[in-house]
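Me: Hi! I have a structure open and I'm new to it. Could you walk me through it?

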Amino acid sequence: MKIKRGIKHDFTLIAILLIPIGVAINFVGAQIVNLLKLPVYLDTMGTALTAMIGGPWVGMATGIVSNLVKGLINPVSFAFTPVQMAVGLSIGLLSMAGMFTKVWKVLVSAIIVSLATTIVASPIQVLMFGGATGNSSDALVATFLASGQQIWTAVFSTKIINELIDKSICLMIAYFIVIKMSPRYLSKLNYGSSFIKRKAS
C-alpha cells in the first residue's frame with residue numbers, strides 16, 4: 001500500500017509526539033553552545049531528526065516550536081524562526097529524495113542545507129541586527145569587516161562557514177540516531193521506510 005504523504009497525512013499521532021522530543025534536543029544543544037561559548041549553534045539536531053523521519057512539515061513545526069521556546073530565554077531566536085523552518089523543509093525534502101541513506105549523502109545534504117539557511121539567515125542578521133546577534137560568531141564577522149569586506153559579504157561569509165560546520169555535525173548526529181531506531185518504530189512514520197531499507201541492505 002502506498003504511503004500517503006503531505007501536510008494532511010504527515011501529522012500522525014506518533015509524528016506529533018516526536019515534535020516535543022525534537023524541541024528538547026534543540027534546546028539542550030543550544031544551551032550547551034551558550035554554556036561553552038562555541039562558535040556553532042547545535043540547535044537544529046532535533047529539527048533534523050524529526051524532518052528525516054517525519055517529513056518536511058513535521059520538521060518545520062519542530063523548528064517553529066523550538067524557536068518559540070528558545071525565544072522565551074533569548075528573544076533574538078524569534079527573529080530566526082524562518083531559519084529553523086528552512087532547516088525542517090530542506091531536510092524533509094532531502095529525506096524524500098533518499099539523501100540520508102549513506103554518510104556521503106548526509107554530508108552533501110549538509111552543504112545544501114547550509115546554503116539554504118545562509119540565504120535565509122543572512123538578511124535577518126544584517127537588516128534586523130546590523131550584523132551582530134551576540135553569539136560567538138560575531139567575532140568572525142568583525143574580522144571580515146576589519147579586512148575590508150562589506151557587511152553583507154562579511155555576514156554571508158561567516159554564516160556559510162558556521163553553517164557548514166554546524167549542519168554537518170547536526171545532520172550526522174541525527175542520522176546516526178535514526179539508523180539506530182527499530183524498524184517497528186520507523187515503519188509507523190511516513191518517511192521511515194528508506195531507513196528500514198538501509199538496515200535490510
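Me: How many helices and strands does the chain have?
Reply: The chain comes to 10 helices and 0 strands. Helices (H or I, at least four residues) and strands (E, at least two) are DSSP runs, numbered from the N terminus. This is a predicted model, where local features need pLDDT of at least 70 and side-chain atom pairs count only at pLDDT 80 or more, while totals for chains, interfaces and linings use all residues. Residues are numbered from 1 along each chain as its sequence is written, and side-chain values use heavy atoms, with hydrogens and water left out.

Me: What does the radius of gyration say about the chain?
Reply: The radius of gyration is 17 Å, close to the 17 Å that the globule rule gives for 201 residues, so the chain is as compact as a globular protein of that length. That radius is taken over C-alpha atoms, and the rule is 2.2 Å times the number of residues to the power 0.38. Along its principal axes, the C-alpha trace spans about 60 × 35 × 30 Å.

Me: And what percentage of the residues count as buried?
Reply: That is 50% of the 201 residues. Buried means under 20% relative accessible area, exposed over 50%, and partly exposed in between (1.4 Å probe, protein chains only).

Me: Why is helix α2 largely enclosed?
Reply: Helix α2 covers residues 45-54, and 10 of its 10 residues are buried, so the rest of the structure largely encloses it. Among those buried residues are Met 45, Leu 49, Met 52 and Ile 53. Just after α2 comes Gly 55, with a positive phi near 100 degrees.

Me: Which residues that aren't glycine have a positive phi?
Reply: Lys 37 is one of them, with a phi of about 55 degrees. Leu 42 also has a positive phi of about 55 degrees without being a glycine. Lys 37 lies in the loop between α1 and α2, and the place of Leu 42 is in the loop between α1 and α2 as well.

Me: Are those two buried or exposed?
Reply: Lys 37 is exposed, with a relative accessible area of 61%. Leu 42, at 13% relative accessibility, counts as buried.

Me: What does Leu 42 touch?
Reply: Val 33 is one partner: leaving aside neighbours within four places in sequence, Val 33 is in contact with Leu 38, Val 40, Tyr 41 and Leu 42. Contact means heavy atoms within 4.5 Å. Val 33 sits in helix α1 and is buried, with a relative accessible area of 7%. Asp 166 is another partner, touching Val 40, Tyr 41, Leu 42 and Thr 44, again not counting residues up to four places away in sequence. Asp 166 is found in helix α8 and counts as buried at 0% relative accessibility.

Me: Switching topic: what volume does the largest pocket have?
Reply: About 630 Å³. Of the 27 residues that line this pocket, the closest to its centre are Tyr 41, Asp 43, Asn 74, Ser 77 and Asn 135. On a 1 Å grid over the protein atoms alone, a pocket is an open set of points where a 1.4 Å probe fits, with protein on both sides within 12 Å along at least five of seven lines; lining residues have an atom within 4 Å of a point. Points are joined across faces, edges and corners, and the volume is the space filled by probe spheres set on them.

Me: Which helix gives the largest share of the lining?
Reply: That is α1, with 4 residues. The lining of the largest pocket divides into 10 nonpolar, 11 polar and 6 charged residues. Here Ala, Val, Leu, Ile, Met, Phe, Trp, Tyr, Cys and Pro count as nonpolar, Asp, Glu, Lys and Arg as charged, and the others, Gly among them, as polar.

Me: Last one: how many aromatic pairs are there?
Reply: A search of the whole structure finds 2. Phe 80 and Phe 129 have ring centres 5.7 Å apart and planes at 10 degrees, so that pair is stacked. Rings of Phe, Tyr and Trp (its six-membered ring) pair if their centres lie within 6.5 Å; planes under 30 degrees apart count as stacked, over 60 as edge-to-face and the rest as tilted.
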